[in-house]
Amino acid sequence: MLDLLNDLIWSKLLIVMLIGLGLYFTIASRFVQFRYFGSMFQIFGEAFKRQPGQLSSFQALMLSVAGRVGAGNIAGVSVAIMLGGPGAIFWMWIVALVGMATSYFECSLAQLYKRREADGGYRGGPAFYIQHGLGQRWLGIVVSLLLLVTFGFGFNAVQSYTVASSLNDTFGVPTFVSGIALMVVIGLIIFGGIKRIAKFADVLVPIMAFSYIAMAIFVIGSNAGAIPEAFGTIFRSAFGLEPAFAGGIGAAIIMGVKRGLFSNEAGLGSAPNVAAVAEVKHPVAQGIVQSLSVFIDTIVLCSCTALIIILSGVFEPGSEMAGVVLTQTAVAAVVGEWGRVFISVALLLFVFTTLIYNYYLGENALGFFTGKRWPVQVYRVMVIGLVMWGSIQDLGTVFGFADVTMGLLAICNLIALALLFKVGLRLMRDYDSQRKAGVESPVLDPKNFADLDLDPSVWPARVGSESPATTATAAGQALQR
């Protein structure tokens, strides 16, 4: 059943929708992800300029990246290479490059339609721009349910499987033991808080992320002479020109699209939930920043893993090594057995924060259609159960379940984005016109979007009608008030 659904969703629908809509968004926006690539870094200058109690644009980006870095970057890449050949990496790149435009639009719309909460914070995401942008609350509820199932259940099962198989390969720990340990830790956090553990992880995970990149640079540098041939293998395999890899171009494209979406989540509808809580003057500013997270996740981190596997020489077509075990074996072949331990520890920390990130995405989705507490308690118990279930399953079952729920969520979100694309273009043109007028930090004027269902407490009216620069300054002062 899982294979049948995946074939229908991915081979017939999502390949066309993800790449097709991504290309359409890219061309119609005049390659917005490349036009503002430099601005993605300039906006970081405002990283810590925020209202008390609000998240900055930079912090929302870091939260999004922290949630994405995990099994997709380490295990997902190896799965793509195993089942689709090295050419799958090329298609992951394509999905990421066009997905940057998709992520830009979904995160800009999430900012535009976000709502202010009673505590002064913000809340938004696909369910909100579907309800307030399209007027279809029922579809918002469907998307919320799919988001809850995909992240709270499906992705958490994948993450726990990856950790369990990694620890089993490195230390010989039985998978069910790892599952029990993860279940206990996650249970303590979501039921009791355990702020010290979360705070400890917040410090260690960025360190491990940079350490992983440093490890990758060392492995790649140790085989610098083979880099051109590695890229040659990727390109030849991507177009079915490498006879050593079975499946040809079809398998490469399908696995590249699947694992690319699993890794960077562009168009999936998860990043907008985080992007919406940031404090920015114009929705487009956050859309630009969030598209950078897709670049970091796939073009940088996933490429590091792919080159480690290809350059190590341990990968062979038909190899029985599964998932993260292939990545660990590749690192160990270059730096020694301590590299296997390093990957296990790094993955454990990455997955820890990703599990928490996935859980809260699901809980936020649950909160869209009910304010009662008992459904949250039931959800928490189910999340803990799925973490245990995932740790003792096989690779095909875990990824098959996650692929089905992820695919359905992506389809609903992409349809909503296509229907709201004209609004996204209006928003982009408003931002572009202010930049051309010399406004360094454009501000949204809600009068220009009076026909839309926006929250007036989020986007107060701009003050005055003077020059663009003066108006922007006044609007900034109004936002501060």
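How far is the sulfur of cysteine 304 from the closest cysteine sulfur? It sits 9.1 Å from the one in cysteine 302, too far for a bond. This is a predicted model, so local features need pLDDT of at least 70 and side-chain atom pairs pLDDT 80 or more, while totals for chains, interfaces and linings use all residues. Residues are numbered from 1 along each chain as its sequence is written, and side-chain values use heavy atoms, with hydrogens and water left out.

**View 1. Cysteines 302 and 304, without a disulfide.** There are zero disulfides in the structure (a disulfide being a pair of cysteine sulfur atoms within 2.5 Å). Cysteine 302 is in none; its nearest cysteine sulfur belongs to cysteine 304. Cysteine 302 is buried at 3% relative accessible area, and cysteine 304 is buried too, at 10%. Buried here means under 20%, exposed over 50%, and partly exposed in between (1.4 Å probe, protein chains only).

**View 2. A nonpolar surface patch with Ile180 in it.** Phe176, Val177, Ile180, Val184, Leu188 and Ile392 make up about 500 Å² of nonpolar surface. Patch members have over 30% relative accessible area and no salt bridge (Lys or Arg side-chain nitrogen within 4 Å of an Asp or Glu carboxyl oxygen), with nonpolar side chains joined within 5 Å and like charges within 9 Å. Isoleucine 180 belongs to helix α9, residues 175–192, and is partly exposed at 38%.

**View 3. Helix α17, residues 374–391.** Helices are DSSP runs (H or I, at least four residues), numbered from the N terminus. The 18 residues of α17 should span 26 Å, and the end C-alpha atoms are 27 Å apart, which agrees. Its buried residues include Pro375, Tyr379, Arg380 and Met388.

Terms used
Areas by Shrake-Rupley, 256 points an atom, 1.4 Å probe, with all protein chains shown as cover. Helix = DSSP H or I, 4+ residues; strand = E, 2+ residues; numbered from the N terminus. Expected span 1.5 Å × (residues − 1).
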